[in-house]
Amino acid sequence: MEENKKKAYLTINYQALLDIKNSGEFSKEKFNQVFRIAHVFHNLALFIIEDFVGFDEDAFWRNVSGLERDFGLTHYRTLFEKVNREELLSSLAIIQYPHSDS
């Protein structure tokens, strides 16, 4: 897996933990939402530690789609795409192309 993708996954895992920490008072609906966030992201932390060996991206994003559908939590995918794109662009920016004087 590319380094930019790894950083993007690490970033959304951190965001999920922040969302759980800052979830505030627990109503039944809020409890269900926090439980689902924890369920979707708990294995991601393990795969990050194990350098994504055996990680099934499709299954992970299907679970994130459930959070989007059931709770409107679209910020994980948006944040992932933003970090992934920025890291890719910053890595491309360091490539130096030779100048042609002709």
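**Pocket lining, aromatic cluster and helix 3 in a predicted model**

Ala-38 has its place in helix 2. In this structure, which is a predicted model, Ala-38 counts as partly exposed at a relative accessibility of 30%. The C-alpha atoms of Ala-38 and Ile-20 are 7.6 Å apart in space, while the two residues are 18 apart in sequence.

Helix 2 also contributes to the largest pocket, in which about 160 Å³ of space lies. The elements that give two or more residues to the lining of this pocket are helix 2, spanning residues 28-49, and helix 3, spanning residues 57-71. Helix 2 provides the largest share of the lining, with 6 residues. The lining is made up of His-39, Val-40, His-42, Asn-43, Leu-44, Phe-47, Phe-55, Asp-56, Ala-59, Phe-60 and Asn-63, and by residue class it divides into 6 nonpolar, 4 polar and 1 charged.

Aromatic contacts were examined next. A pair of aromatic rings is described by the distance of the centres and the angle of the planes. Across the whole structure, 13 aromatic pairs are found. Tyr-9 and Phe-55 form one of edge-to-face geometry, with 5.0 Å from centre to centre and 80° between the planes. Because Tyr-9 lies in helix 1 (residues 3-21) and Phe-55 in the loop between helix 2 and helix 3, this pair ties together parts that are 46 residues apart in sequence. Tyr-9 is buried, with a relative accessible area of 0%, and Phe-55 likewise counts as buried, at 14% relative accessibility. Tyr-9 also pairs with Phe-80; the ring centres are 4.6 Å apart and the planes stand at 50°, so this pair is tilted. Since Phe-80 lies in helix 4 (residues 75-93) and Tyr-9 in helix 1, the pair ties together parts that are 71 residues apart in sequence. Phe-80, like Tyr-9, is buried. Ring pairs link Tyr-9, Phe-55 and Phe-80 into a cluster that also includes Phe-41, Phe-47, Phe-52, Phe-60, Trp-61 and Tyr-76. Among these cluster members, Phe-47, Phe-55 and Phe-60 also appear in the lining of the largest pocket.

The loop between helix 2 and helix 3 carries two residues with a positive phi angle. Asp-51, found in this loop, has a positive phi of about 55° although it is not a glycine, and is partly exposed, with a relative accessible area of 46%. Phe-52, whose place is in the loop between helix 2 and helix 3, has a positive phi of about 65°, although it too is not a glycine. In contrast to the partly exposed Asp-51, Phe-52 counts as buried, at 9% relative accessibility.

Helix 3 has 15 residues and reaches 21 Å from its first C-alpha to its last, which is close to the 21 Å expected at 1.5 Å a residue. The N-terminal end of helix 3 is capped by Asp-56, with a side-chain oxygen of this residue lying 3.2 Å from the backbone nitrogen of Asp-58. Asp-56 is also listed in the lining of the largest pocket. The buried residues of helix 3 are Phe-60, Trp-61, Val-64, Gly-66, Leu-67, Glu-68 and Phe-71; of these, Phe-60 and Trp-61 belong to the aromatic cluster described above. Just after helix 3, a positive phi of about 70° is taken by Gly-72.

Terms used: Residues numbered from 1 in each chain as written. Heavy atoms only, no water. 1 Å grid on protein atoms, 1.4 Å probe; cavity = no way out; pocket = protein on both sides within 12 Å on 5 of 7 lines; lining within 4 Å. Points joined across faces, edges and corners; volume = space filled by probe spheres on them. Helix = DSSP H or I, 4+ residues; strand = E, 2+ residues; numbered from the N terminus. Nonpolar A, V, L, I, M, F, W, Y, C, P; charged D, E, K, R; others polar. Phe/Tyr/Trp six-rings, centres within 6.5 Å; stacked < 30°, edge-to-face > 60°. Buried < 20%, exposed > 50% of the residue type's maximum accessible area, 1.4 Å probe, protein only. Expected span 1.5 Å × (residues − 1). Polar contact = N/O pair within 3.5 Å; in protein donor to acceptor, adjacent residues only side chain to side chain.
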